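Me: I should like a close look at a single part of this protein and at its packing against the surrounding elements. Please set the part in the context of the whole chain first.

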Amino acid sequence: MTSYFKHSTASWAPRDKQKLETMKGLIDQATSDILNTVDWGANMQMVDEVNSTDNSDVLSEAVRLVRKRIQHKNPRVVMTSLTLTETLVKNCHTAFHKQVATKKFMDSMGAVARNFGSKSGRDDLEVADKALELIQAWGEAFMPMRQQLPLFFETWDALRREGFRFPETGAGAPVLSPAPVIPNDVGVPAGVVSTGPNNGDAHLAAAMAAVSMDAA
């Protein structure tokens, strides 16, 4: 396994190694610095990949790769990374949420709001606003799970105490979709609706209706 993964995957099952390679390719595609708009196909393929596993090692490494893109200096890369994160949090399961609600990831979200918010360029300010929007949305949406996932609320609360102004909340699209069913190792059980390719159009339509990114 190549060096862009932080932890050794030598002992991983071949399917987990392949899944992580696939996820890395989709993350790179969805956050490419040559994109002028959101690559919804890559975003929703990533949703399907995440929802097909609850392996904490795979999910942790995938979230780390997304975090690295959020830490990029190019505001376009950061914006597409935030949109990817928003799409994944909205459409993926609690095992993934646990990997996002970590100190490293939420500190990175706060850093985006602070660093880009201190600049004067339109693209920079749009990135800061997007980060604040997500931090607030997650803080509110995960309030019932505050004991299990405290950093969603704590990050939001810390920035409020620092004096950051958050967007007014309205009756927009829900932050979270119904929790998906994670298939087992031998495939999707009978009677369970898969999030595979046959449902791609529905995923794409739902994501485009629920998640937006302002054009530069």
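What percentage of the 216 residues of the protein count as buried? Once that is settled, please concentrate on helix α4 and describe which residues in α4 meet those in α7, then go through its other contacts.

Reply: The model is a predicted one. Of the 216 residues of the protein, 45% count as buried. The protein has nine helices and zero strands, and from the N terminus on its elements run α-α-α-α-α-α-α-α-α. Among contacts in the protein with a separation of 6 or more, 72% are accounted for by residues 24 or more positions apart.

Helix α4 covers residues 75–91, and helix α7 covers residues 122–141. The axes of these two helices come within 9 Å and cross at roughly 20°. An angle under 35 degrees counts as roughly parallel, and α4 and α7 are therefore roughly parallel to each other. Their crossing is left-handed. On the α4 side, the residues in contact are P75, V78, M79, L82, T83, T85, E86 and V89. On the α7 side, they are D123, D124, E126, V127, K130, A131, E133, L134 and W138. By class, this contact of α4 with α7 has nine nonpolar, two polar and six charged residues.

One of the charged participants deserves separate mention. E126 has its place in helix α7, and E126 counts as buried because its relative accessibility is 17%, where the cut-off for buried is under 20%. E126 and P75 are 51 residues apart in sequence, and their C-alpha atoms are 8.7 Å apart in space. Both residues are among those that form the contact of α4 with α7.

The packing of α4 with α6 has another geometry. The axes of α4 and α6 come within 13 Å and cross at roughly 140°. That angle makes α4 oblique to α6. The crossing of α4 and α6 is left-handed. P75, V78, L82 and T85 of α4 make this contact with F105, M109, V112 and F116 of α6. By class, the contact of α4 with α6 has seven nonpolar, one polar and no charged residues. P75, V78, L82 and T85 also appear in the list of α4 residues that meet α7.

V78 links these two descriptions. V78 is found in helix α4, and V78 counts as buried because its relative accessibility is 0%. With residues up to four places away in sequence not counted, V78 touches R69, I70, H72, V112, F116 and V127. Within that list, V112 and F116 belong to the α6 side of the contact with α4, while V127 belongs to the α7 side of the contact with α4. V78 and F116 are 38 residues apart in sequence and 10.0 Å apart in space, C-alpha to C-alpha.

A further partner of α4 is α2. The two helices pack at an angle of about 40°, with their axes 10 Å apart. That angle makes α2 oblique to α4. α2 passes α4 in a right-handed crossing. The α2 residues in the contact are W40, N43, M44, M46, V47, V50 and N51, and they meet T83, L84, T87, L88 and N91 of α4. The residues of this contact divide into seven nonpolar, five polar and no charged.

These contacts may be placed alongside the largest nonpolar core. In soluble globular proteins, nonpolar side chains tend to be buried together. The largest nonpolar core here has 48 residues, of which M46, L82, F96, M109 and W138 touch the most other members. The elements that give two or more residues to this core are α1 (14–30), α2 (40–51), α3 (56–70), α4, α5 (94–100), α6 (103–117), α7 and α8 (150–161). L82 lies on the α4 side of the contact with α7, and W138 lies on the α7 side. M109 is one of the α6 residues in contact with α4. M46 touches M23, L26, I27, A62, L84 and L88, not counting residues up to four places away in sequence. L84 and L88 are among the α4 residues in the contact with α2.

A residue in α5 also reaches α4. V100 is found in helix α5, and V100 is buried, with a relative accessible area of 1%. V100 touches V63, V89, F105, M106, W138 and F152, again not counting residues up to four places away in sequence. V89 is among the α4 residues that meet α7, and W138 is among their α7 partners. The C-alpha atoms of V100 and R67, 33 residues apart along the chain, are separated by 9.0 Å.

Note on methods
Residues numbered from 1 in each chain as written. Predicted model: local features only at pLDDT ≥ 70, side-chain atom pairs only at ≥ 80, totals over all residues. Heavy atoms only, no water. Axes fitted to C-alpha atoms, helices over the stretch in contact; angles between N-to-C directions. Helix = DSSP H or I, 4+ residues; strand = E, 2+ residues; numbered from the N terminus. Parallel < 35°, antiparallel > 145°, perpendicular 65-115°, else oblique. Left-handed = near helix turned anticlockwise from the far one by under 90°. Contact = heavy atoms within 4.5 Å. Nonpolar A, V, L, I, M, F, W, Y, C, P; charged D, E, K, R; others polar. Core = buried A, V, L, I, M, F, W, Y, C linked by side-chain atoms within 4.5 Å. Buried < 20%, exposed > 50% of the residue type's maximum accessible area, 1.4 Å probe, protein only.
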